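Let's take a friendly walk through this model, one side chain at a time. Have the viewer open, and we will move from charged pairs to packed helices and then to aromatic rings.

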Amino acid sequence: MSMRLTRRSLVAATALLAAPGLVAPRLARAQAWPNGPIRLVVPFAPGGSTDLAARLVADGLAQRLGVSVVVENRAGAGATTGSQMVADAPPDGQTLVMSNIASHAISPTLYGNLRYDPVRSFTHIAMVITNPSVWVVHPRSEIANLADLVRVAKTRQGGLDMASSGAGSSNHLLMVRFCEQAGIPFTHVPFRGAGPAMTAVIANQVPMMSDSLPSAAGHIRQGSVRAIAMSSAQRHPGFPEVPTFIEQGFDLSSTSWFALSGPAGMDPAVVQRLNREVKAVVATPDSQRRFAEMGGTPGDMTPEQFTAFVAEEVARWAPVVRASGATVG
């Protein structure tokens, strides 16, 4: 009797496991994401381009996923502090980072003690926005163009003070490349994000700064700063009055990028869904309008394309960092 009961139990259990309604527990676990608020780490201070792009994405994802997406600013060490936090997080899709050109293309060469690998330590999910850099000065500054900037820098001991969102940012390296071409010295004034740096320029505490266009666009339109050069290859359609570096005699062009990444080892199904949702968010008319206002171009990459892009960016910027002589740690 005992044996018959055991066999019956096994048969019953097999039948139950095969029943469509009871295979669901495993499927439900795979589909449970998101299972609570999502933390989106921004490795810069509030107010900069990375922060603006992150908040746009966070708002859109919250609406589409039906959960809170909380933006958490963790600035420091050239965007590596917040990035390391996410690299160390569980790969459950609940902790993400706004990866960017500083944290994932430049810092790996700049920081000798970096604990994460820009490709292998992360799951790269979706490109969000790309944009040029713009150089701005106080509206009453005597500097109206790059020729003026070179002239003023040559009259000051130690060169001109130039601000950026942080050491090792693409804007910092753009200044290094420019001053090498111009043959002038400069003093880099790094801030913990583009927002604080812009505040210093508006208050006329620092003569100029190199900034990503999305965080500077509103200030340029309001007249609180004056734009003197754009790093795009051609004049930007949103700011046709601002000449490029190339037009002003300098062989310089560069583009910043901001994207969504997570810890290495994320569930591919979650990655694919996030990629679709991000693309849907940036494709909405409201996002398109806001991107145009910021001077950015929406991204469109698969996770595989974005991962390959990050590897290419590391290879592209490594020789620039080495040539600059800049090192940290």
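A good place to begin is glutamate 277, which counts as buried because its relative accessibility is 11%, under the 20% cut-off. Keep in mind that this is a predicted model. The partner of glutamate 277 is arginine 273: the two form a salt bridge in which the closest N and O atoms are 3.5 Å apart. Arginine 273 counts as partly exposed, at 26% relative accessibility. Both residues sit in helix α10, 4 residues apart, which means that about one helical turn separates them.

What, in general, lets such side chains pair? Side chains of opposite charge can do so when their charged atoms come close. In this structure the count comes to 15 salt bridges. One of them joins the side chains of arginine 39 and glutamate 72, with 3.5 Å from N to O. Here arginine 39 belongs to strand β1 (residues 38-42) and glutamate 72 to strand β2 (residues 69-73), so this salt bridge ties together parts that are 33 residues apart in sequence. Arginine 39 is partly exposed, its relative accessible area being 28%, while glutamate 72 counts as buried at 18% relative accessibility.

Another salt bridge brings together the side chains of aspartate 117 and arginine 120, at 3.2 Å from N to O. Is arginine 120 buried or exposed? With 66% relative accessibility, arginine 120 counts as exposed. Aspartate 117 is partly exposed, with a relative accessible area of 22%. Salt bridges also link residues into a network, made up of Asp286, Arg289, Arg290 and Glu293.

Now let's go back to helix α10 and look at how it packs. Two packed helices are described by the angle between their axes and the distance between the axes. For helix α10 (residues 268-283) and helix α11 (residues 285-294), the angle is about 70 degrees and the axes are 5 Å apart. An angle from 65 to 115 degrees counts as roughly perpendicular, and α10 and α11 are therefore roughly perpendicular to each other. Which residues of α10 and α11 make the contact? From α10 come Val281, Val282 and Ala283, and from α11 come Pro285, Ser287, Gln288 and Phe291. Sorted by type, the residues of this contact are 5 nonpolar and 2 polar, with no charged ones.

The last stop is the aromatic rings. A pair of aromatic rings is described by the distance of the centres and the angle of the planes. There are 7 aromatic pairs in the structure. In one of them, the ring centres of tryptophan 135 and phenylalanine 178 are 4.9 Å apart and the planes stand at 75 degrees, so this pair is edge-to-face. The pair links distant parts of the chain, with tryptophan 135 in strand β4 (residues 122-137) and phenylalanine 178 in helix α7 (residues 170-182), 43 residues apart. Tryptophan 135 and phenylalanine 178 are both buried.

Phenylalanine 178 also pairs with phenylalanine 250, and this pair is tilted, at 4.6 Å centre to centre with 50 degrees between the planes. Again distant parts of the chain are linked: phenylalanine 178 in helix α7 and phenylalanine 250 in the loop between β8 (226-230) and β9 (255-263) are 72 residues apart. Phenylalanine 250 is buried, as is phenylalanine 178. To see the wider picture, display Trp135, Phe178, Phe245 and Phe250 together, since ring pairs link these residues into a cluster.

Technical notes: Residues numbered from 1 in each chain as written. Predicted model: local features only at pLDDT ≥ 70, side-chain atom pairs only at ≥ 80, totals over all residues. Heavy atoms only, no water. Phe/Tyr/Trp six-rings, centres within 6.5 Å; stacked < 30°, edge-to-face > 60°. Helix = DSSP H or I, 4+ residues; strand = E, 2+ residues; numbered from the N terminus. Buried < 20%, exposed > 50% of the residue type's maximum accessible area, 1.4 Å probe, protein only. Axes fitted to C-alpha atoms, helices over the stretch in contact; angles between N-to-C directions. Parallel < 35°, antiparallel > 145°, perpendicular 65-115°, else oblique. Contact = heavy atoms within 4.5 Å. Nonpolar A, V, L, I, M, F, W, Y, C, P; charged D, E, K, R; others polar. Salt bridge = Lys/Arg side-chain N within 4 Å of Asp/Glu carboxyl O.
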